[in-house]
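Visitor: Could you take me on a close look at a single part of this structure? I'm in my first year, so please keep it relaxed and go step by step.

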Amino acid sequence: MAIEVFAPAKINLTLHVTGQRPDGYHLLESLVVFADIGDQLRVSKSDEMQITVDGPFAQGVPTDQRNLCWRAAELFGETVSIHLTKNLPHAAGIGGGSSDAAAVLNAMEQLFEWPCSASALSLGADVPVCQRGRATLMSGIGETLSETDIRPLDAVLVNPRVDVPTPQVFKGLTTKNNPAMTPMPAPDQNHALWHWLADQRNDLQAPAVAAQPIIAEVLATLASLNPQIARMSGSGATCFALFETRTQRDAAAQTLKQRNPEWWVEPTTLT
Ligand SMILES: C[C@@](CO)(OP(=O)(O)O)[C@H](O)COP(=O)(O)OP(=O)(O)OC[C@H]1O[C@@H](n2ccc(N)nc2=O)[C@H](O)[C@@H]1O
Ligand SMILES: Nc1ncnc2c1ncn2[C@@H]1O[C@H](COP(=O)(O)OP(=O)(O)O)[C@@H](O)[C@H]1O
């Protein structure tokens, strides 16, 4: 029997860095949502571990213990065969590896019919939130999760096809004790959410731009298309823009693809 699972792109609509633990990990506050685009995985029981990868971003994805999917299976404690169709850019701030690992854990719980007894957090700070796969307020280093409600958001994701290693971006932070997020508004209308989002931040945006200046160009290009908000996700380099209507979103995506054919541009709905 094979289980098919979807590993959606993770988007940090906000990302506040509010402190640092003695072990070096940073304390975060983030509103995390998920896209309707992502990687696709097929997981089946097998006598030995095996990973095969195809898809537009297959190149450079490890097929051994370095793949987070492999480490997820080891954490679960069984061997499986995994086929990964890699549709998302990696080292991109949209949780590609973390979302794949979360999907493998979810698939293995279905396949073997018992829950994973080890902590998903040991695979990466983003894996627990990716296991939920829906709008969540995340804090701590990624272990404190509280469900939240948002209306579907029309967004365009843009990645200029440069890798941004997460540890390097955290190292580039100049201040680690930044103000916390303010309380999120009730989910009854998107206007209130957009207003609130505009007052929040991604504290990793400045160090990511310092590491890869093209991110500033992506953000300026998105801002020129009159979105409600344009910001970077995670540690970058993927940026998102939110639009009031699906028609505006699709028109913006079309313009971006024409102007910058070398960028990865995807219209999507975030929930
Ligand atoms: C920044 C975020 C925001 O959601 O997203 P991405 O940019 O990875 O998508 C995550 O916190 C990333 O989570 P994840 O990619 O799972 O991180 P991990 O593998 O646990 O850690 C990679 C490295 O990032 C740094 N790190 C990560 C999380 C955290 N709360 N503090 C940190 O300082 C550490 O230097 C660590 O060695
Ligand atoms: N399943 C996977 N998909 C993509 N990258 C992976 C995977 N497993 C391990 N990696 C490695 O993890 C690194 C970070 O990728 P990713 O998790 O997509 O980044 P980010 O944390 O920025 O979202 C990549 O450079 C790649 O070598």
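Guide: Let's start with one pair: D154 has F243 as its bridge partner in β10. That bridge belongs to a bigger pattern, since strand β8 (residues 153–159) and β10 pair in the antiparallel sense over five bridges. Keep in mind that you're looking at a predicted model.

Now look at the other pairing of β10. Strand β9 (residues 229–232) also pairs with β10 in the antiparallel sense, over four bridges. Here, A230 stands opposite A241 in β10.

So how covered is β10 itself? Strand β10 (residues 239–243) is mostly covered, with five of its five residues buried. In a regular strand, the side chains alternate between the two faces of the sheet. With that in mind, check each side of β10: C239, A241 and F243 are buried on one side, and F240 and L242 are buried on the other, leaving both faces covered.

Next, follow the chain back into the turn before β10. The hairpin of β9 and β10 has six residues between the strands, and in it G234 takes a positive phi near 55°. A little further along, a cis peptide bond joins G236 and A237, with omega at about 10°. A237 sits in the loop between β9 and β10. For background, most residues other than glycine have a negative phi, and most peptide bonds are trans.

That background helps with two more spots. A91 isn't a glycine, yet it has a positive phi of about 50°. You'll find A91 in the loop between β5 and α2. A91 counts as partly exposed because 18 other C-beta atoms lie within 10 Å, and a buried residue needs 20 or more. Leaving aside neighbours within four places in sequence, A91 is in contact with D163, V164 and P165.

H90 is in the loop between β5 (80–85) and α2 (96–112) too. H90 is partly exposed, with 17 other C-beta atoms within 10 Å. Not counting residues up to four places away in sequence, H90 touches F57, G60, V61, G96 and G97. In an unreviewed UniProt entry, H90 and A91 are among the residues listed for "binding site".

The other spot is E113, which has a positive phi of about 65° although it's not a glycine. E113 lies in the loop between α2 and α3 (127–132). E113 is exposed because just 7 other C-beta atoms lie within 10 Å, and the exposed label applies at 12 or fewer.

Technical notes: Residues are numbered from 1 along each chain as its sequence is written. Chains are lettered from A and ligands numbered from 1 in the order in which they are written. This is a predicted model: local features need pLDDT of at least 70, side-chain atom pairs count only at pLDDT 80 or more; totals for chains, interfaces and linings use all residues. UniProt positions are given in the numbering used here, feature names are shortened, and annotations may be inferred rather than shown by experiment. Helices (H or I, at least four residues) and strands (E, at least two) are DSSP runs, numbered from the N terminus. Two residues are in contact if their C-beta atoms, placed from the backbone, lie within 7 Å. Two strands pair if DSSP finds at least two bridges between them.
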